[in-house]
Amino acid sequence: MDSLTNFSDFLIHSQIDQAPTNPSKAEHAESILTFLAVAQSQSVDFLPISPQRLLGSVGRGASGDISQSSILKDLGLAFKEFSALSGSHETLMKSMIREIRILQHRPIQLCTNIINLEGICWKSDGSEAGMSPVLVYRLGRSLASHLAETPVAFETRLQYVKNIGNGLLVLHASGVVHGDLKPENVIMNIDHSATPPVEFPEIADFGSSQCLLESQDRFYLPRSQEWCAPEWHARSHTIEQARRMDVYSYGLLAYWILFSSHSKDMSISSEDIAGLRNSIAERSLRAFLAQRIPEADQEAKLIHELEDFFYGCLSQDPEERTSVVSRDIGLLRDLSADTKPTLAESHQKHPAFDLASCMDQLLQVTAGVRQKIFKILEDSMSSSCSACAQNGALQLALCHTLGFGTPRDVQATESLIAARTVSHSDLQQRLDTIRDCQFPNRPGQAKWYIEPDLVSSYQESGDLGKAVQWHKDELEALRDCFGTSHRLVSMATNTLALLLDEDGQTSKALELCIEQYDDITSRVDQNHRDALTAQCQVTLYQWKTGDTAEAIITGERLAELLRNHPSIEETDRLTMTCFSNLAGSYVSAHLHEKAIPILERLIELNAQVLGSNHIDTLANCQTLAVSYCESVPPNYRQALALQRQVLKGWRENFGSGHRNTINASTVYASILAREGSNDPLVLEMYEWCMEASRELFSDDHPDTWLAVSRYAYRLLHDKTHKIVVDAIGLLQQSLENLERLLPTDHRDTLDVMLRLVLAYINSEKLDEAESLLLRVLQSKLCITERNPTIYLWVWSGLGRIYKERGDSKRAREAWETTLKYADQYWGVHHPAAREAMRELGRLLIEDGHHDDGIRLLEQDFTWCQEYLGKSAYGTVISGNALGQSYNAIGDYVQAYEILSDVYLHATKSLGDMKLATIDVQGELAYTAHRVDESQAAKDLTEDVLRKRHLVLGSLHEDTILTIGNLFRIYVDLDLRPEIELLLPQVMTVVERVTEEVVRHVSTLHYLLAECFSKSGNSSRGEEFFRHQLRDLGEQSGTDRRIFTAKYCLAYILSDTSNIGEAVELMYEVLELRLKLQEECSLSAHYVLGLLGVVLRDSGDLAGAEKHFEQELSSAISLRSGLEKCDIIDAYEHLITIYRKQNRAAKILETEQRIADLKRS
């Protein structure tokens, strides 16, 4: 073998079964390059696609596994991955080359009853080159499955037989033997141009096929039990023998199609086989067939044709059998297939791989494939075949010049030319071919509207970061060679922008696309397709950077140009992509009234052109589902129904573990979470997404950690301490690993940071939360891209932190900034705007601006009722906030009316065990107690306590506060038995729970002290709190808890003879409280009041008056967290002093102030 031609011929002519060999790198490279050369010479497309592994295998062909993917309407793809089971890599390449030559032969390619080869793609493997080619076919169900699942009339089955005969006729006329004809190797296609659409068969699986190139060729054929001719043997066969065996298999297949039961075992019954053979041997076939043909179809001509057909096909003696399928067979007489020329006549003798003519296709596949092709070319330099080595050197020089699969190295090219390994003129010719864009016209690829799935490929391999640099280097090299206006440069620019965006560098992707658009419009009119395409890319990345205002301006301008364009239709891919980007921008801007009609029309067009399960259709359906969810009013039912369809489409066509299926599940869970009716399912779905990501990628993949963070964040809704701690741990792990795996300031990392911020706030880890928010503010998404969504998260987070710290002024500023951003970018209907209104309302009320605060909260509640409906989850939350605020200003009657109505609707729509419903019920119970509906308050609170025990657990802070509320009601109603029953429960909780674990546990301490005091158990209470103080004294970091215990002990002692000790304790408590907080704080206010009471009862009226005045001063200036009754209490404390001192004027003045307060 001293030439590429001889090697190619050797591959085609040599026997199939060869002993395994271990080829050298040069031989391996030679075989791959020969395959590429043949594929190019036969005009086979190199496709930027890959099988969807999660859909599973379709089956196994004669020479390899068949996997699948779903691309378009009525177009799935089958991927044939060859495996040299009993031979060498050389055998594998030979088999693939033979299959390509057969299927690309022009008469075979034009035959409607032979499957078309759609192209080839690549897969990584363990070979020396690290890659192997994969043949790509249209996916269809087998004839066997079709007939087993679908009742088909005899007349239609007869047509199937003729169709298969037509395919076999073309094969035999072309010098090809199929070699393995059986039901599994015939697939069904659909003619959609017919009305109704018509199914027809195509012969498939040419892994065992042979082609005649020289008269002395002999072939080895496989043996398929039941379907092969009786004369088959394991030795080689001549072409005539092989054809007669094909004829026999065709006859059996025809009998099976026409007369068998088509059960799923795909076999002919032994009785039928015996009867058929006997009737042929005894020449009694007519009677045999007449018994099996339906009466309605028993025409004499048909019976005669079938009789001749089966005599000619199924004779046991091959010499008596028809030698070849042709029109001489009566049943096939009407066929008119073109059968010229033969494969031997059209055989190209000198194929050679030419990188220049397929550069456009190879730039769409992963950089790894290009790197491996470069390695193959390097290895081919040492080939013993001089033609292979010389062509390999030429292609290698082209790679060095263009930076294809290797960093650009002009010096390496010059070295090859200097060594006379490569001719300068040959290299220049290849460069001119590329410069002039002399690429073959490939209409087949365009019809699919497919995109390279580069992102998923790089993510699954963990090479995304490296890939960005690879593609940057390639783009720079192409620009150096061909300038900025070349088609390949545009392709490389778009690919790099895609990868930059996925790598978290969206602003750079936008800069790249704007630069490309400016370059294009400097050369062509804005209506030129290239300019429109570049503008579409700009819109996409403006939207993705969060600059929705600019994205909408650009998108609307582009939409107008496309609407008025003379040659671009509504169904053009560019038009559909443009409107998809524009609709996405509208959704991000919460302009759903504009987005929804565009998306609904887009989905109609997608379904018509691409199919309902195409990735573009599913993506637009998902965007529409989100728009339904966020629209005003939100249509959760439609959103969930549509997203279920999306999820079903991904699962059925791409597999349950596909990346986009996981993403669709995440979106479904988020919509369900907003709708609020099924929290357990939401958590279950997030957990499934987490496990599916682990299985698809790995435990240590960015997508997996992102899924872990979503699951952990959802866990926070559980509210029980242990689960909250676990959730924070998972969020911390997720953040740590994403910072390690992703570039600095990647948006996924920032998303997890913001989730962790909310977790910290809920756990009162305010310093940690603030520190993370400041990091986010310093990120490039805030500083460079000024992403408004990130700003919303940051300012709302700061608002929560400042509120928890009691810094009302800064909290208001933060929420006002949040409201400003939300209104500026999305309008007041955005959820963030409504949340900011609620928080501002609460803060205004706490600061004493009751009217302004209530007005904001009422606006929010009215909006929710009008747009969301009275039973919506958001309305329940808003109504509860308004009721709480009326309680805070002492308008209990109004609060009771609102909360009663909200509770009624919440129970009906959400169920009485939903946390939101329980919270409303708890607030209603508190309000009922305030409006003297004590029995109703008791019943409601007991029910709330039961539910919170079940849902949250006995140690949850909400459960503990409910215990306190219930105790308060028991005391006010003087229910001694109930108090005695509740007392042990309260003591147990206080002993087990610390303030670090549950906020407000101090409230339960105070209630317990009051319980001991009012129930006459002062000695028991004194013993309990002294014991607590002893335990706390042995611990560190317990100042707050010591304060609480001393306060409670002083409270109990104030009712005993130990009044002196009570005074001392209260002074200690006041000193400690003022050390921890300013005088104007809630806890200091209550300490001042109790100290005044203790001093008064001890006879120190001057000291008591001083502290009562301080109590009043703090109540008037503080307001936050206090009610009017607290101010009234302070005045009444002073009156007790004035009465003891007989100060009538002061008494009258103070009573007047109390009366004024009560009237207001």
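**Group meeting: a cavity and a helix trio**

Okay, so the largest cavity in this one holds about 100 Å³ of space. Bear in mind that we're looking at a predicted model. Altogether there are seven cavities of 30 Å³ or more in the structure. What lines the largest cavity? We get 14 residues, and G179, D180, P222, C228 and S249 are the ones that lie nearest its centre. Split that lining by class and you have nine nonpolar residues, three polar and two charged.

Right, on to the helices. Two packed helices are described by the angle between their axes and the distance between the axes. Take α32, residues 747-762, against α35, residues 788-804: the angle is about 15°, with the axes 10 Å apart. That's under 35 degrees, so α32 counts as roughly parallel to α35. The crossing there is left-handed. On the α32 side, L754, R755, L758 and I761 make the contact, and α35 brings in I790, W793, V794, G797, R800, I801 and E804. By class, that contact has seven nonpolar residues, one polar and three charged.

Now α33, residues 766-777, which also packs on α35, with an angle of about 155° and axes 10 Å apart. This angle is over 145, so α33 ends up roughly antiparallel to α35. Here, too, the crossing is left-handed. From α33 we have L766, A769, E770, L773, V776 and L777, and they meet a set in α35 that includes Y791, L798 and Y802. The classes in this contact come out as twelve nonpolar, one polar and two charged.

One last thing to look at on screen: W793 of α35 is in the contact with α32, and W793 is also among the residues that meet α33.

Key:
Residues numbered from 1 in each chain as written. Predicted model: local features only at pLDDT ≥ 70, side-chain atom pairs only at ≥ 80, totals over all residues. Heavy atoms only, no water. 1 Å grid on protein atoms, 1.4 Å probe; cavity = no way out; pocket = protein on both sides within 12 Å on 5 of 7 lines; lining within 4 Å. Points joined across faces, edges and corners; volume = space filled by probe spheres on them. Nonpolar A, V, L, I, M, F, W, Y, C, P; charged D, E, K, R; others polar. Axes fitted to C-alpha atoms, helices over the stretch in contact; angles between N-to-C directions. Helix = DSSP H or I, 4+ residues; strand = E, 2+ residues; numbered from the N terminus. Parallel < 35°, antiparallel > 145°, perpendicular 65-115°, else oblique. Left-handed = near helix turned anticlockwise from the far one by under 90°. Contact = heavy atoms within 4.5 Å.
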